[in-house]
Amino acid sequence: MKWKHHLLSRESLEDKFIGSAIGTFVGDTLGMPVEGWGRAAIEARFGLLTTLEDGRFPRGYYTDDTEMMIGILEVLAENGDFDPNLTVKKFLENFHPERGYGGRIYVLMDRLRKGIPWHQVATDSFGNGAAMRIAPIGFFYFHDIKNVKRYAILSCKITHLHPEAIAGAVAQAIAVSLAVSYGIRNIPIPRIEFLDRIMEEVLDIHTGFVQRILEIKSISKLGLRDNIQNIARCFACHVRSIEAVPPAIASFLLTDTFKDAVVTGINLGGDTDTIGAMTGAIAGAYYGYSQIPEEWIQVLENASKGRDYVIGLAKKAAEILYRRLKKS
Ligand SMILES: [Mg+2]
């Protein structure tokens, strides 16, 4: 997609970048208390879960999804471009094992800490762990889909080598970049075109993934009522990338506000914090930080690498890209 420089506003770019980063954070912590719960269990306990609640962490705390997203965002804001070795360094520096990482990651981090090169460390995982953290690559390169795909693949391969994981990371990154691109121009999302664009980019990686994206088209034909039921019926919504990324994309596409998108994502059940994080990343990139409910933002943890830190990083990344685009 050719980017029209004269349409670029610094404020809008910043709003979308912060929206996507804080959207990841908010979705993660909204889903945190019910991670691993089924849809029915969430409904029995909360009706519709729409507020930040205490879980295994106090309300407003983020988990591995946001912690790793911060690592990638730090690389882009400090280095001005993606770099896998620097990303490994950030992942290691930020790593708090108690933040709910998947079991496999401990061995992986251990090996990275010993200095084993990342390309000898990654395993054949099909999990959603690369997609959950990828938002910054989607927004920082939104003007250049080739680089979005290239760096999505590279960043995924630090930990996940299975084509399903790679397809999920690419799909999620492309979704974020399209969301910025439409959001910044204030254009309503053309749902079918949006999905076609994602399918085009994952076709050479995993055809099964394309089939799962196609399911979203079928769901959208059912109309926009009963989204949670319709999406949950179609996708297992667990840690497998192919079952987690499409419901996040669907939760964004089938709703009309940031709040509805994320509420839909976390109430599907399953890997709720990650689906929440990914839905929030796409929705935040489209609607912007200004549309994230204030009552959610107020509760976000704000210690050393908390809310204000993430906002600062996103601003810095937005400024770098703004200057770059103005110059080009
Ligand atoms: Mg998590």
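These notebook entries record what I looked up in a predicted model.

**Entry 1. The largest pocket**

I began with the largest pocket, which has a volume of about 340 Å³. Its lining is made up of 21 residues, and those closest to the centre are Asp 64, Tyr 101, Gly 102, Asn 128 and Gly 129. I then asked which elements give two or more residues to this lining. They are helix H3 (64–79), helix H5 (104–113) and helix H14 (272–287). By residue class, I noted five nonpolar, ten polar and six charged residues in the lining.

**Entry 2. Helix H3**

I turned next to H3, one of the helices that contribute to the pocket lining. H3 has 16 residues and reaches 22 Å from its first C-alpha to its last, close to the 22 Å expected at 1.5 Å a residue. Is H3 largely enclosed or open? Because 14 of its 16 residues are buried, H3 is largely enclosed by the rest of the structure. After H3 comes Gly 80, and I recorded a positive phi for this glycine, near 80°.

**Entry 3. Lys 90 and its contacts**

I looked up Lys 90, which belongs to helix H4. I had to decide whether Lys 90 is buried or exposed. Its relative accessibility is 9%, and buried means under 20%, so Lys 90 counts as buried. Setting aside residues up to four places away in sequence, I found that Lys 90 touches Gly 71, Glu 74, Val 75 and Glu 78. For Lys 90 and Val 75, I noted a separation of 15 residues in sequence and of 7.5 Å between C-alpha atoms.

**Entry 4. His 96**

Where does His 96 lie? I located His 96 in the loop between helix H4 (84–94) and H5. Its relative accessibility is 35%, so His 96 counts as partly exposed. Beyond its neighbours within four places in sequence, His 96 is in contact with Glu 67 and Tyr 101. Of these two partners, I noted above that Tyr 101 is among the residues closest to the pocket centre. The C-alpha atoms of His 96 and Glu 67 are 8.3 Å apart, although 29 residues separate the two along the chain.

**Entry 5. The nonpolar core and helix H1**

I then examined the largest nonpolar core, which has 116 residues. The residues with the most contacts inside this core are Phe 17, Phe 194 and Ile 249. Helix H8 (residues 163–184) gives the largest share of the core, 15 residues. I followed Phe 17 further: not counting residues up to four places away in sequence, Phe 17 touches Phe 139, Phe 140, Val 180, Ala 314, Ala 317, Ala 318 and Leu 321.

I also looked up helix H1 (residues 10–31), whose 22 residues span 31 Å from first C-alpha to last, close to the 32 Å expected at 1.5 Å a residue. H1 is mostly covered, with 19 of its 22 residues buried.

**Entry 6. Positive phi outside glycine**

Finally, I checked residues other than glycine that have a positive phi. Asp 226 has a phi near 55° and is found in the loop between helix H10 (207–221) and helix H11 (227–234). At 49% relative accessibility, Asp 226 counts as partly exposed, because exposed requires over 50%.

Cys 237 likewise has a positive phi, near 60°. I placed Cys 237 in the loop between H11 and helix H12 (241–253). Its relative accessibility is 1%, so Cys 237 counts as buried.

How values were computed. Residues numbered from 1 in each chain as written. Predicted model: local features only at pLDDT ≥ 70, side-chain atom pairs only at ≥ 80, totals over all residues. Heavy atoms only, no water. 1 Å grid on protein atoms, 1.4 Å probe; cavity = no way out; pocket = protein on both sides within 12 Å on 5 of 7 lines; lining within 4 Å. Points joined across faces, edges and corners; volume = space filled by probe spheres on them. Helix = DSSP H or I, 4+ residues; strand = E, 2+ residues; numbered from the N terminus. Nonpolar A, V, L, I, M, F, W, Y, C, P; charged D, E, K, R; others polar. Core = buried A, V, L, I, M, F, W, Y, C linked by side-chain atoms within 4.5 Å. Buried < 20%, exposed > 50% of the residue type's maximum accessible area, 1.4 Å probe, protein only. Contact = heavy atoms within 4.5 Å. Expected span 1.5 Å × (residues − 1).
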